[in-house]
Amino acid sequence: QDGSGAVAHRPTGVFLQAASGCNLDCIMCVEHLRPPESKHGRDARFIDPRVMERITGELLTTSTTLHIGLGGEPTLAPDLIHVLREAHSLGQSVELTTNGTLLHRPGLARAVAECVRELRISIDAATAPTYEKIRQGSSWSRLRANLDLLARERAELGPESRLQLTLVFVAMRSNIDELSEFVRLARDVGAQAVRVQHLIPTTSEGAEEALALESGRYGRALVAARELAS
């Protein structure tokens with residue numbers, strides 16, 4: 001802010017993009033704007049182990065929080081389990097944002113349960129038709145199986161699991177009437193919180209889904225969901 005070329009200390013929080021692409025093609029996401037040949041993570045690049053080694057040695061020694069998921073789908077990264085365990089061993093409060101579709105990768109759900117402080121899973125629906133319409137390339141049955149797997153891993157760890165699970169819901173015209181049912185889903189899978197946020201239009205489909213002109217409908221759904229959550 002003062003124009004200086006140096007800071008007084010190293011970062012206390014680090015935001016990391018582990019993958020440059022995503023395995024899904026959600027209608028409201030910038031990923032939806034990719035050319036067809038590069039969608040669904042086909043040309044994704046991942047965090048280089050040498051870069052991660054530098055991050056570990058130069059940043060995680062002074063930081064307290066590591067957030068993984070700044071764009072792309074981090075669970076695509078081949079070395080994610082190693083990154084989670086390394087960060088956890090260094091005392092980081094690890095936050096992970098994911099679409100949850102790849103939690104069945106061998107060992108990943110256990111590593112998440114053991115090493116992540118807050119896991120945010122973006123789902124945006126409470127029924128299979130709505131979910132698969134919004135999150136193209138996804139499978140509702142696979143997602144539910146992954147959520148059940150995560151619940152079992154957390155249960156096996158018992159009090160040792162420090163994970164807080166948050167389900168994320170981007171409010172749209174297509175899904176807003178499922179918000180209360182989304183709260184029930186969160187309860188059923190052992191989530192501690194539901195996070196609702198407005199859609200920021202970046203695609204033509206997203207623009208059509210925005211609730212900006214339906215504030216009353218959004219407000220009624222939010223009130224009902226809050227009452228149910230209580």
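**Exercise 1. Find the accessible surface of the chain and the share that belongs to carbon and sulfur atoms.**

Solution. Start with the total: the accessible surface of the chain comes to about 11700 Å². Carbon and sulfur atoms account for 51% of that area. Keep in mind that you're looking at a predicted model. Next, turn to what is hidden: buried residues make up 45% of the 230 residues.

**Exercise 2. Decide whether the radius of gyration of the chain agrees with that of a compact globule.**

Solution. First, get the expected value: with 230 residues, a compact globule would come out near 17 Å. Then look at the chain itself, which has 18 Å, so the two agree. For the outer dimensions, the C-alpha atoms fill a box of roughly 50 × 45 × 40 Å along the principal axes. Now for what's inside: the chain has eight helices and eight strands. Finally, check how the chain folds back on itself. Taking contacts between residues at least 6 apart in sequence, 75% join residues at least 24 apart.

**Exercise 3. Work out which parts of the chain the salt bridge between Arg 120 and Glu 95 ties together.**

Solution. Begin with the pair itself: the side chains of Arg 120 and Glu 95 meet at 3.9 Å, N to O. The cut-off for a salt bridge is 4 Å, so this pair counts as one. Now place the two partners. Arg 120 sits in strand E5 (residues 116-122) and Glu 95 in strand E4 (residues 93-98), so the bridge connects parts 25 residues apart in sequence. As for exposure, Arg 120 and Glu 95 are both buried. This is one of 18 salt bridges in the structure.

**Exercise 4. Trace the salt bridge of Arg 110 and Glu 156, then find the network they belong to.**

Solution. Step one is the distance: the side chains of Arg 110 and Glu 156 meet at 2.6 Å, N to O. Step two is location. Arg 110 is in helix H3 (residues 108-115) and Glu 156 in helix H5 (residues 140-157), so parts 46 residues apart in sequence are tied together. Step three is exposure: Arg 110 is partly exposed at 24% relative accessible area, while Glu 156 is exposed at 60%. Last, widen the view: salt bridges link Arg 85, Arg 110, Glu 114, Glu 153 and Glu 156 in a network.

**Exercise 5. Say where the two partners of the Arg 173 and Glu 214 salt bridge lie.**

Solution. The closest N and O atoms of Arg 173 and Glu 214 are 2.8 Å apart. Arg 173 belongs to the loop between strand E7 (164-171) and helix H6 (179-188). Glu 214 belongs to the loop between helix H7 (204-209) and helix H8 (215-229), and the partners are 41 residues apart. Arg 173 is partly exposed, at 42% relative accessibility.

**Exercise 6. Classify the ring pair of Tyr 131 and Trp 140.**

Solution. A search of the whole structure turns up two aromatic pairs. For Tyr 131 and Trp 140, the ring centres are 5.3 Å apart and the planes stand at 65°, so the pair is edge-to-face. Check the surroundings too: Tyr 131 is buried at 0% relative accessible area, and Trp 140 is buried at 12%. Tyr 131 is also in contact with Leu 143, a buried residue in helix H5.

**Exercise 7. Describe the largest nonpolar core and the contacts of Leu 84.**

Solution. The largest core has 51 residues. Those with the most contacts inside it include Ile 68, Leu 84 and Val 112. Now zoom in on Leu 84: leaving aside neighbours within four places in sequence, its contacts include Ile 68, Val 94, Leu 108 and Val 112. Apart from the largest core lies another, of nine residues, among them Cys 22, Leu 24, Ile 27 and Met 28.

**Exercise 8. Compare where His 40 and Asp 124 sit, and whether each is buried or partly exposed.**

Solution. Start with the background: most residues other than glycine have a negative phi. His 40 has a positive phi of about 60°, and Asp 124 has one near 70°. His 40 is in the loop between strand E2 (25-26) and helix H1 (49-58), and is partly exposed at 32%. Asp 124 is in the loop between E5 and helix H4 (128-134), and is buried at 0% relative accessibility.

Technical notes: Residues are numbered from 1 along each chain as its sequence is written. This is a predicted model: local features need pLDDT of at least 70, side-chain atom pairs count only at pLDDT 80 or more; totals for chains, interfaces and linings use all residues. Side-chain values use heavy atoms; hydrogens and water are left out. Helices (H or I, at least four residues) and strands (E, at least two) are DSSP runs, numbered from the N terminus. Buried means under 20% relative accessible area, exposed over 50%, partly exposed in between (1.4 Å probe, protein chains only). Rings of Phe, Tyr and Trp (its six-membered ring) pair if their centres lie within 6.5 Å; planes under 30 degrees apart count as stacked, over 60 as edge-to-face and the rest as tilted. A nonpolar core is a set of buried Ala, Val, Leu, Ile, Met, Phe, Trp, Tyr and Cys residues joined through side-chain atoms within 4.5 Å. Contact means heavy atoms within 4.5 Å. The radius of gyration is taken over C-alpha atoms; the globule rule is 2.2 Å times the number of residues to the power 0.38. Accessible areas come from the Shrake-Rupley method with a 1.4 Å probe; for residues, only the protein chains shown count as cover.
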